[in-house]
Amino acid sequence: MTNAKFNKRAIAVLIITAMIFVSFVVLIFGRQRTAAFAGSENTVLSKSYNIPVYADRGEILDRNGNTFVYNDQINVLTLNALAFPTNKKESNEIILSLIDLLESKEEEWVDELPIFFDEAGEIQFEEEREFDINWMRSPNFLNLNSYATAKNCFDALKEEYEIEDYSKTDAIKIASVRYNMARQGFSASAPYTFARDVSIQTVAYIKENGTFYKGVDTEIRSSRKYIGDGKIASHILGLVGAISSEEYNAEKEKTDALIKQAGDDEEKLLQIKTAAYSLTDSIGKNGIEHAMEQYLRGVNGVKTVTVSSDGDVSEEYSVMPSPGGTAILTLDIPMQEIAEKSLASRIQAVTDYSAIAGGMTPAGAVVVEDVKTGAILASASYPNFSLSTYYDDYEELSADAGKPLWNRAFQSGYSPGSTMKPASAIAALEEGIITPDSYFYCNGIYHYIDQPFVCFNKTAHGGVNVKTALAHSCNIFFFEAAQRLGIQKLNQYASLLGLGQKTGIEINETAGILAGYDDRVSKGQGWLLGETLLAAIGQSDNSLSPLQLTNYCATIANGGTRYVPYLVSKVLSSDYSEVLYERMPQVAVQTDISEETLEAVKQGMYLVANTTSCREQLGNLEYKVACKTGTAEKTRIVNGVKYEGTDGFLIAFGPYEDPEIAITVVVENAGSGASTALVAAEIFEYYFGTLNLISDVQTENTLL
């Protein structure tokens, strides 16, 4: 074979080999490209969405483990963006049909639009909805001028959602749902809650007509339920409601700050974002529900829904929901019920109905405190309301002249009358103005700078010392002591005993007022010397809450230690395995008032309960008690007519030898302080009955 033939053959082999190699490379490249394209297509068509799973809110129990608040299961209608029509005409028909269905069954749907038609058929903004109105006008939604009217907003809504052809009644209903969907960021990851607590019949109808109700889902969630009729301790327990825009933004600021602090810590960031509030969440509005929100709320979970390229849907929990903790209160349900029923009965029996004619409605309050810890055992305010029907009854409740939503036990300030006298006695004794054996003579009238001041009931008591002055509520004795002390010293001791200031309890309370220079100066007014005498017997500008009076009485009873009152003893995890929060008794002030002073005051209060004004109601109890009554007059002018009422007060403690509880009772327009003693008597009888029970305390699985 010649070299030329060999070279030609070699070249041919090389060419064939090269062609085979190129073909192979092309084939491989084609397959890789096809696989890459297929992967890209799957990426586009396979999507995942994170959907919140709501955690159960924690329960609220009394000190013995009896239930105050628990959860029940309710049916909720939601709109699911994965299946809900994007066509506005079709989706509007579904929305209106749902509204008509619910209204035909007298079931409520979520209606939060801040505009409405008034009786004249004119569109108006709702009052106190400025935040929501501004959002509706904002570039985030309708993009209207800041001065746009309610009609401007409604017209823009009709145009935006293509509801011009509906009646104005139907249009505003559809607009309400559309507004709320937009406000809450309706999307595949944020289903919209259309209605809560719907009947099983409604759920069944929607499922039967699922081909029409596209994207309308039903799910089961928990709802707050209350023992009895929802009225027991309603002012203490408080309410849960849909989070408002203001509340959401306040919580969002907190969340944003935590995210900033977490930096790049992925685990912390996940925890923070999972625990963050959404616009569909509920939140504690007041009372214990608000005070213990961080423990009761729980942490929502996350469900990841994946839709594959061929339409298959799969679900899995990426974060499991964590139920809220169980709050253990200091309240005792049987004592709470007795306090509420006894207070209501007494108010109805003794109210001065001539005062009622002048607009002074029947009302009152009771507070019971453990003198050795500051724990509140019962607290009642009359009139009260039902937590179960609050949202249905709100308009009626808010218009009620008796202000049933107001917690008189903690938030009302009263002129305390003669219940102030033990504090004045302590001031005089501690400052050495008097001794337990000092006597003043009472002839029924006290003259000070040519001004006559009369004794209680215009009675001449003769010679009285501090004990008998308290027993007979002698004004003259305390006028003389106050004149020697001066208002600053009187208020120094009143303040030491916790009067005229917030106690520090977990829920809303009033600070009250101590009459004197400081308060008057803050109002740009002056103080008359003669008013010092009135302040010493609980008149003038003194304004104290029943809670303050109870805490002050407890301080006297226990030997001079003023505790911070409290309502929550602990919070346990939902399975009771962990203590999330625990409150130990907290001393606010160790007053260091002498034993001799306190003994003299307590002896005077003992005489009130057992020998003078309250002996019939309190003198025959199983254990001896001590108390002090008080009355305070008030007037009201209605259409030129003067109406007068007299509030009755009682502070009491017992058993006398080893005090355990202190009680304050206030009955507005009662006529006298002694008339309130029957309420205290019934509470003492219950409590003393428990002292006689065999109480082998279990060391495990027992709530105390």
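Two strands count as paired if DSSP finds at least two bridges between them. Keep that in mind for the sheet described here, and note that this is a predicted model.

**The sheet**

Three strands make up an open sheet in the order β1-β10-β11, and the pairing is antiparallel. At the edges sit β1 (47–53) and β11 (313–319), each of which pairs on one side only. Neighbouring strands here are turned by 25 degrees against each other on average, with direction ignored. If you want to look at one pairing, try β1 with β10 (residues 301–307): the two run antiparallel and are joined by seven bridges. Within that pairing, P52 stands opposite V302 in β10.

**Empty space: a pocket and a cavity**

Rolling a probe the size of a water molecule over the atoms shows where empty space is left. By the rule used here, there is one cavity of 30 Å³ or more. Here are that cavity and the second largest pocket, with the helix that gives the most to each lining.

| Space | Volume | Largest share of lining | Lining by class |
|---|---|---|---|
| Second largest pocket | about 720 Å³ | α8, six residues | twelve nonpolar, nine polar, eight charged |
| Largest cavity | about 50 Å³ | α19, three residues | six nonpolar, three polar, no charged |

Start with the pocket. Its lining runs to 29 residues, and Y277, E293, Q294, Y295 and R297 are the ones that lie nearest the centre. Several elements each supply at least two residues of the pocket lining: α8 (245–262), α9 (266–275), β9 (282–284), α10 (287–291) and α11 (293–296).

Now the cavity. M420, A423, S424, L490, N491, A494, A535, A536 and N542 line the largest cavity. Three helices, α16 (421–430), α19 (487–496) and α21 (530–536), each supply at least two residues of that lining. No charged residue appears in the cavity lining, whereas the pocket lining has eight.

**A look at R484**

R484 belongs to helix α18 (residues 475–485). Is R484 buried or exposed? Neither, quite: its relative accessible area is 43%, so R484 counts as partly exposed, because that label covers what lies between under 20% for buried and over 50% for exposed. Leaving out residues up to four places away in sequence, R484 touches I433 and F440. For a sense of distance, take E395, which is 89 residues from R484 along the chain: the C-alpha atoms of the two are separated by 53 Å.

Technical notes. Residues are numbered from 1 along each chain as its sequence is written. This is a predicted model: local features need pLDDT of at least 70, side-chain atom pairs count only at pLDDT 80 or more; totals for chains, interfaces and linings use all residues. Side-chain values use heavy atoms; hydrogens and water are left out. Helices (H or I, at least four residues) and strands (E, at least two) are DSSP runs, numbered from the N terminus. Axes are lines fitted to C-alpha atoms, for helices over the stretch in contact, and angles run from 0 to 180 degrees between N-to-C directions. On a 1 Å grid over the protein atoms alone, a cavity is a set of points where a 1.4 Å probe fits but cannot get out, and a pocket is an open set with protein on both sides within 12 Å along at least five of seven lines; lining residues have an atom within 4 Å of a point. Grid points are joined across faces, edges and corners, and a volume is the space filled by probe spheres set on the points. Ala, Val, Leu, Ile, Met, Phe, Trp, Tyr, Cys and Pro count as nonpolar, Asp, Glu, Lys and Arg as charged, and the others, Gly among them, as polar. Buried means under 20% relative accessible area, exposed over 50%, partly exposed in between (1.4 Å probe, protein chains only). Contact means heavy atoms within 4.5 Å.
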